[in-house]
There are 6 protein chains.
Amino acid sequence: MSDASGKDGKRALAEEWLRKAHLLSEALPFMQRYAGKTIVVKYGGNAMLDAEACRNFARDVVLLHHSGLRPVVVHGGAPQIESMLERLGIDSGFADGLRISDAQTVEVAEMVLSGKISKQLAACLNRVGGAGVGISGKDANLVRARKIRHSKDLGFVGEPEEINTSVVVALLNEGMIPVVAPIGIDEDGNTYNINADTMAGSLAAALNATRLLLLTDVSGVLDEKGKLIEEVSLAQAGHLLEQDGIIEGGMIPKLKTAMNAVESGVEAAAILDGRVRHALLLELLTAHGAGTLVREVR
Amino acid sequence: MSDASGKDGKRALAEEWLRKAHLLSEALPFMQRYAGKTIVVKYGGNAMLDAEACRNFARDVVLLHHSGLRPVVVHGGAPQIESMLERLGIDSGFADGLRISDAQTVEVAEMVLSGKISKQLAACLNRVGGAGVGISGKDANLVRARKIRHSKDLGFVGEPEEINTSVVVALLNEGMIPVVAPIGIDEDGNTYNINADTMAGSLAAALNATRLLLLTDVSGVLDEKGKLIEEVSLAQAGHLLEQDGIIEGGMIPKLKTAMNAVESGVEAAAILDGRVRHALLLELLTAHGAGTLVREVR
Amino acid sequence: MSDASGKDGKRALAEEWLRKAHLLSEALPFMQRYAGKTIVVKYGGNAMLDAEACRNFARDVVLLHHSGLRPVVVHGGAPQIESMLERLGIDSGFADGLRISDAQTVEVAEMVLSGKISKQLAACLNRVGGAGVGISGKDANLVRARKIRHSKDLGFVGEPEEINTSVVVALLNEGMIPVVAPIGIDEDGNTYNINADTMAGSLAAALNATRLLLLTDVSGVLDEKGKLIEEVSLAQAGHLLEQDGIIEGGMIPKLKTAMNAVESGVEAAAILDGRVRHALLLELLTAHGAGTLVREVR
Amino acid sequence: MSDASGKDGKRALAEEWLRKAHLLSEALPFMQRYAGKTIVVKYGGNAMLDAEACRNFARDVVLLHHSGLRPVVVHGGAPQIESMLERLGIDSGFADGLRISDAQTVEVAEMVLSGKISKQLAACLNRVGGAGVGISGKDANLVRARKIRHSKDLGFVGEPEEINTSVVVALLNEGMIPVVAPIGIDEDGNTYNINADTMAGSLAAALNATRLLLLTDVSGVLDEKGKLIEEVSLAQAGHLLEQDGIIEGGMIPKLKTAMNAVESGVEAAAILDGRVRHALLLELLTAHGAGTLVREVR
Amino acid sequence: MSDASGKDGKRALAEEWLRKAHLLSEALPFMQRYAGKTIVVKYGGNAMLDAEACRNFARDVVLLHHSGLRPVVVHGGAPQIESMLERLGIDSGFADGLRISDAQTVEVAEMVLSGKISKQLAACLNRVGGAGVGISGKDANLVRARKIRHSKDLGFVGEPEEINTSVVVALLNEGMIPVVAPIGIDEDGNTYNINADTMAGSLAAALNATRLLLLTDVSGVLDEKGKLIEEVSLAQAGHLLEQDGIIEGGMIPKLKTAMNAVESGVEAAAILDGRVRHALLLELLTAHGAGTLVREVR
Amino acid sequence: MSDASGKDGKRALAEEWLRKAHLLSEALPFMQRYAGKTIVVKYGGNAMLDAEACRNFARDVVLLHHSGLRPVVVHGGAPQIESMLERLGIDSGFADGLRISDAQTVEVAEMVLSGKISKQLAACLNRVGGAGVGISGKDANLVRARKIRHSKDLGFVGEPEEINTSVVVALLNEGMIPVVAPIGIDEDGNTYNINADTMAGSLAAALNATRLLLLTDVSGVLDEKGKLIEEVSLAQAGHLLEQDGIIEGGMIPKLKTAMNAVESGVEAAAILDGRVRHALLLELLTAHGAGTLVREVR
């Protein structure tokens, strides 16, 4: 290699670094906007299956924490629960396509969610320098649950009835990152499995969070032509739900959860594509979003 | 019932209440001695199987908390782990009579300990008005573990190598009661099952606790005539261990754990009979002990 | 003594201790109910004459303090004042059966109350491990008094006109137990002797206390058949006072003081039988009361 | 009155005010020197007899408090005690010219000191806008006393053995002014009368005060020609005491008390002429002293 | 000098000191009235020219600080700016008798005010033991300014539009004395010179100050006979302004500034004669005022 | 544009954003390393002349602040001072090539530094959302200076003799960014112009800073072949200085300043190329440095 090309190489390298520094610099207005604000992130169980993705997610959460935000993680765990139920030969049946959670099922669900996934996520955060603490709705009376109303008896499938945020706030104030398993308990001591999106939404409302971020494995809400809708008002979202065949399947409850959170005082809720690396940073620290944002008004 | 006997009945009842009030009054010097002190209690997995006993234990812990002490609970869970391993058809074998913990086994152990027992105990404390929070050694880097040294490879059976008490202290300062599952993690992210007595002892030392209380299902340490030894110095305990046939079986590591804790700065460690109702209150708030106390000097 | 009977004796002894621990355990819901609450206790001068009773009272107050309550003691001292007036040959006369307090009399009353009884009670609390501090209405402007309105001139007999609780709150916040002598001062610097029940009631109202406890030397409020009334609403108490011949003598002002306190925001006021040992603990930490409780509604 | 003289009068008046403001201004360096420092002042019982003097003293103390100092007042009360003993016909006798304090005598002394004088001084401070609180050595274990050693048995005449400053510090931190009666208590609960100078000296040492000021009714320490000594080192003071006939009578223990305080860490101790109006202000806030200052070295 | 006259001299000297101490004592009620209150003082640029006067002013401000008040100083600097403009040969012209501030002029004004006078005043305060900090309206967004409305274009002459007191409050809370240069900045980053009286008035209103003190070089507001008006209500002041020929020249805007401040919630505003030594002390710590006081009602 | 290329364009855009988010993510370990650490940055007067560069610098400083660091800026101003001296026709002469600062010169230097540049930089920080406060060594006794020792009399050219960091620490604790003009004051009140590098170094040492960053307009320290030296130990730097002809001109004092700071306890000092955009971010938040780093040992 000639001197000249060596110099060129060096210059190119330096240019690269300058671009990097400049990109950092562009994050400033976003860090300022969210300084001291609480952000509730729902992280799916599927995503946990990929160790690399999980590590990246953890790094992003810890970066948000270091940038002055107060992140709270709520996680799911459907595939891990399914797999454990299978290993145990438990088949509690379905009603209207929804899994029925009998006592055995909810026992397994709790163990997997609170005993495996929460702690794995917390450990993941700790390995990248955070201080994650895995808790569930049973800790310090975080979530009092009730059975969800449904035409069939789904067993111990619940929804939050009352939320006592003291343990979450205490951990945030101590510079720790709460990782919450979607488990609740009723007044008789029964355990309930709660949909993780619902749990995240209720927690965001109770914490008066600035953002609810639902990480999914699709691009976001799509319009009738299959194009991503980047932002909708509450009214527009309601209109979309009323029209046949636009919002379908699992996106319906997700969109409703986002809308409920906004109606309960969360500034905005986003349905993000969790498959995109650094989706959280894109959404919170850059001008580019990573899915569909729901606000009161556009 | 005649008037006279009615009056007598009333008088008797009143007498009963006065005795009760008097007994309360006798707890004062003990409440004063332990005001603001940290007490680490090891609660066995067997004890968890009896719901009534568990509720009583929770009430005692919350009473200690209200009396100005700072209780921390570490729990075991051997029978629950055994039962789940059996349901899953996992048999990882034994070495020298000790169970080998392969990856599958420690995964189950963690789920049972962190996901089921910790949360059950926390919920139990909450039902009687406490604010229990179930954590494990993975939360906020509480316990960095290493494989225990043994002639055979026991797999993921560990011991604490370094303890970072920040999450425990944060919860205590917020008026909450930490419930700790004996799980640790090494620098490579491997999970270890830790003996609950050992975990409690290490935590007591790291917290500079005033008491380590190991609840067992025997009366305490017995002498060669089978009589309970109420108190021993470190030297006496060492002497007992050296003599053949006095201290045997599971009592040997328990006594060593108690001794280690005292050598590491815990004021005293007691091996208590957990089958006795209110053993904690007897030991801490009355003049009567409930087992064997180990101190530096008698 | 045979081995058998020895064992029986030991067993009996152990049983006794277990009962004791169980009784302690029963105090928990009461400790929870009153945690952090202010309790104003009026302790009579007569009771001070019995050193043993006084020590027991002090132990109970310190126990309440250690159980998380914030006790404030207001004391009387009529017999001690009488005795000192006699020794000094002061006889200021009576009007309508009430003692007239001329300048000499109130000077003696103050010395006895602030200089002897307050300090004796504080010392009593200190000997059992509390931190009692004897203050009077003159300290840090605690009580601005005015002459009570009465058909005859009773001299320097006063009632609280304005209460500045700063010194009481400061001492409570520092973990100390205020012991208050019922002395007030007017804007011209005149000293007034205040009825201790009245003083306790006014202080309880100003502190927004949860309980006003008036310790007396009778069983409580009795109905027309001489039976103890365990609880009355404000309305019922008013009705009792209107009926002739039921509430008589010294019980009339006591009941009125209790009612006034409740009307001013104190949650409940009790007229207790101070002759009963541990009357405070019975009333506050057990399911059994020790006199008559006045609440807004039953 | 002509215009001219009117103008002159006005001008003179204005001049007068300007002089006043200038004098205030001269206090600045002194306020700076003592900002945040603790000053223990011994105020004699004689001085209390003159209401006007007492009000002036109170104003000076409150001014010191407002100027950023932390004043603590210890008072005597010999003439008031004498007078009360006389009224009660108590004559406990003398030994070597010192009054013997039998049980009756010390009871009266305590009532007069703690019940009358402390409260009167506190009220005096309050009337000029301070927040005085009258306490004695019995409050919150302030002074544990022991009998003074003397060739004859003087009864309950004591000296401080151990000082627990918590109540004094708590009051100072709350912006209040402690007024301390020189009464102590031993471990058996016996009450002791303590010399007020001794009490002030011990308290100044325990509080690590910057100044101990002993207000007396003489000019200060005089030399052999009767001239006031404005300042002495410890060594010089020791020398003066050794010489015959210079320091005599009551000045001997006063000088020793001042010396002891300085030896125990108080920066300087002064014996001031309390008959001089505003002696405290002169000593602390002007360049002019008001008696004899004792320091470690001149 | 004979002994006698020597004694007389000493006595006279002592008398002098006693008078001094007495005068200090008279400041107490004033120190009490203003304890913890914020006082905004406008100090003119002319006054800065006399080093001795400036030192005296600094001493007075530090004395106020030590007496428990929270003083804030706003200063002018017209003569210093004029002189610097002259040295630089800048003559931006006048409109209606008001100086036009073009870009060059305001640049010089800022340098002189923020770079010379603020720092000189801060240093002055520091030399007498205070902790002065020179800031301007540019620091921490203290003053957002807008161009003043005037029939002619006066260039960069502004008035406060929005005040963010955070830096002033932070410095006061840390025991420091803010010294504020009357410079503001608009949203486009343009610098504005603000009239120092206006700046002081706006700052006093934003800080909810107890006093606004405008130091001038006249006696105060005079009535039609040239006699000083010691106090006026808002209504009276309005009436005075409406009458021809009473209030004239520079006193008109001063009086309006004082009135505006009072209308905005400042308890009272005074126009003081800054030529009088210790005018601040006279006004705040003695019964004698030093100019004209404006209150809502007399 | 065809659909396909449209998609490609979108994909490319998305890719771009993902790269951006990834780069942000890479800053995490650096944010963690410097969390809560104090960083002193010297910013040159030359750099201030370019408004765009200045805005970029301000953004970087505020980004550091939001990332959890505690930045302090010290600035120079030679060209601005020169220009003002010229406008005023002041020519105080030179000695050994160094400008002599007579009274007139230092007066101008102070006005320019404290009154113009500090405030301009503070305003710059504020416009991008920070809270900059311009102070100088005169504020709250920040820098007591003395005349530098030199063979010729350079007039009022000084160096820090004693630093009182209270105002800097107070502002940092309140979330503000101190901007410090290199001006000091001696005990007689004389003002000194201090070299900005020297000032930054002394302040870094007094604050026990983690980094001293000297922004220059060269690449850093070059070796004998003109190649940038990226890191040197103290010993190596000393060796470089001893060799003839390697380190020359203005780089000599800069390197000495860096070395002094490290010897006084600053963890490392860097001489950075301030012409590089985002040099601060490169140095502190990326793996790439931007000049020469001096540490105790490599």
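In this predicted model, chain C and chain F are not joined by any contact, and their closest C-alpha atoms lie 28 Å apart. Chain B and chain F are likewise without a contact, with closest C-alpha atoms 16 Å apart. Other chain pairs do meet, and two of these interfaces are described here in turn.

Between chain D and chain C, 38 residues of chain D are in contact with 38 residues of chain C. About 3000 Å² is buried between chain D and chain C, and carbon and sulfur atoms give 58% of this area. On the chain D side, the residues that lose the most area to chain C are D:Arg87, D:Met111 and D:Lys119, which together make up 20% of what that side buries. Polar and ionic interactions are also found here: the interface of chain D and chain C has 6 salt bridges and 16 residue pairs in polar contact, both partners being at pLDDT 80 or more. A salt bridge links the side chains of C:Arg87 and D:Glu107, with an N to O distance of 3.7 Å. Which elements of chain D each supply at least two residues of the side that touches chain C? They are helix H5 (78–88), helix H6 (103–127), strand E5 (132–136) and helix H7 (166–173). H6(D) provides the largest share of this side, 13 residues. By class, the side of chain D that touches chain C divides into 16 nonpolar, 11 polar and 11 charged residues.

Turning to chain B and chain A, 38 residues of chain B are in contact with 38 residues of chain A. These two chains bury about 3000 Å² between them, with 57% of it on carbon and sulfur atoms. B:Arg87, B:Met111 and B:Lys119 contribute 21% of the area that chain B buries against chain A, more than any other three residues. The interface of chain B and chain A has 6 salt bridges; in one of them, A:Lys116 pairs with B:Glu107, and the closest N and O atoms are 2.7 Å apart. There are also 16 residue pairs in polar contact across the interface of chain B and chain A, both at pLDDT 80 or more. Two or more residues each come from helix H5 (78–87), helix H6 (103–127), strand E5 (132–136) and helix H7 (166–173) of chain B, and H6(B) gives the largest share, 13 residues.

Finally, the structure holds 3 cavities of 30 Å³ or more, and the largest encloses about 70 Å³ of space. Residues of chain B and chain C line this cavity, among them B:Leu24, B:Met31, C:Leu24 and C:Met31. Its lining has 10 nonpolar, 2 polar and no charged residues.

Conventions. Residues numbered from 1 in each chain as written. Chains lettered and ligands numbered in written order. Heavy atoms only, no water. 1 Å grid on protein atoms, 1.4 Å probe; cavity = no way out; pocket = protein on both sides within 12 Å on 5 of 7 lines; lining within 4 Å. Points joined across faces, edges and corners; volume = space filled by probe spheres on them. Nonpolar A, V, L, I, M, F, W, Y, C, P; charged D, E, K, R; others polar. Contact = heavy atoms within 4.5 Å. Buried area = accessible area lost by both parts, 1.4 Å probe. Salt bridge = Lys/Arg side-chain N within 4 Å of Asp/Glu carboxyl O. Polar contact = N/O pair within 3.5 Å; in protein donor to acceptor, adjacent residues only side chain to side chain. Helix = DSSP H or I, 4+ residues; strand = E, 2+ residues; numbered from the N terminus.
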